[in-house]
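This tutorial dialogue treats the reading of salt bridges, helix packing, burial and surface patches in a protein model.

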Amino acid sequence: MAEPIHDIVVVSDLHLGRGKNPRSGRYHRRETFFYDDDFCQFCQHVCSDATERGRKLKLVFNGDAFDFLRIEPEEASPTSTLRERRYGPVMDAPASARVLHDILRGHPLFLDGIAHVLQAGHDVVFLPGNHDLELQWEAVRAELTDACLARIRLGAGDAAAKECAPRLGFAPWFYHEAGRVWIEHGCQYDPENAYQFPLRSL
């Protein structure tokens, strides 16, 4: 008997910024995502629904889960150029990983939602969009993976985190299941937001 095909749930354009400052408890000035609790409840709901129907689930983040273009510039160092003082450092892999670390630190309930999906035995896939193309970098993917597994480890231990790790994945541009679905962010069809080489891994 053929195994039942999994459900696919797609979310897009959450545009998470630095979230809440853990020291002050206030949102950072450019934050626009204030729905962490709602998102966590949404993750719990789709998992409960899948369990009731005896289905597996794949949660696909279809780009712009994070917003690297609307982040407060880091404090300038004495050696910073004029451009870096005004706009912040160039978003290379290490700088992008640091920014994502700050974003995730400001959105712990968002991480709890992802952790819940993984612990329920389902898959999570992240695709990049035009505001988080940095997800193509291994250092940025590692930062997100480590943060998700740390939330699982905190509540359920090392063994649970190791079991969940293979269920968290990344796609470089699109997600495709032959004969069933093709998912991509869509920025490549907009001249204002397209990248000339979307698979160049930055």
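The dialogue below takes up these topics one at a time.

Q: On what basis are the residues numbered and the features accepted?
A: Residues are numbered from 1 along each chain as its sequence is written. The model is predicted, so local features need pLDDT of at least 70 and side-chain atom pairs count only at pLDDT 80 or more, while totals for chains, interfaces and linings use all residues; side-chain values use heavy atoms, with hydrogens and water left out.

Q: How many salt bridges are there by the rule used here?
A: A salt bridge is a side-chain nitrogen of Lys or Arg within 4 Å of a carboxyl oxygen of Asp or Glu. The count by this rule is eleven. Asp102 pairs with Arg18, with 2.4 Å between the closest N and O atoms. Because Asp102 lies in helix α3 (residues 93-105) and Arg18 in the loop between β1 and α1, the pair ties together parts 84 residues apart in sequence. Helices (H or I, at least four residues) and strands (E, at least two) are DSSP runs, numbered from the N terminus.

Q: Are Asp102 and Arg18 buried or exposed?
A: Buried means under 20% relative accessible area, exposed over 50%, and partly exposed in between (1.4 Å probe, protein chains only). Both Asp102 and Arg18 are buried. In the salt bridge of Arg70 with Asp67, the closest N and O atoms are 3.2 Å apart; Arg70 is partly exposed at 28%, whereas Asp67 is buried at 1%.

Q: At what angle do helices α4 and α5 pack?
A: Axes are lines fitted to C-alpha atoms, for helices over the stretch in contact, and angles run from 0 to 180 degrees between N-to-C directions. Helix α4 (residues 108-119) and helix α5 (residues 138-156) pack at about 75°, with axes 9 Å apart. This makes α4 roughly perpendicular to α5 (under 35 degrees is roughly parallel, over 145 roughly antiparallel, 65 to 115 roughly perpendicular, the rest oblique). Residues in contact (heavy atoms within 4.5 Å) include Leu111 and Ile114 of α4 and Cys148 and Ile152 of α5.

Q: Where does Leu127 lie?
A: Leu127 belongs to strand β3 (residues 123-127) and is buried at 0% relative accessibility. Leu127 and Ala171 are 44 residues apart in sequence, yet their C-alpha atoms are 5.2 Å apart. Beyond neighbours within four places in sequence, the contacts of Leu127 include Val60, Phe61, Trp173 and Ile183.
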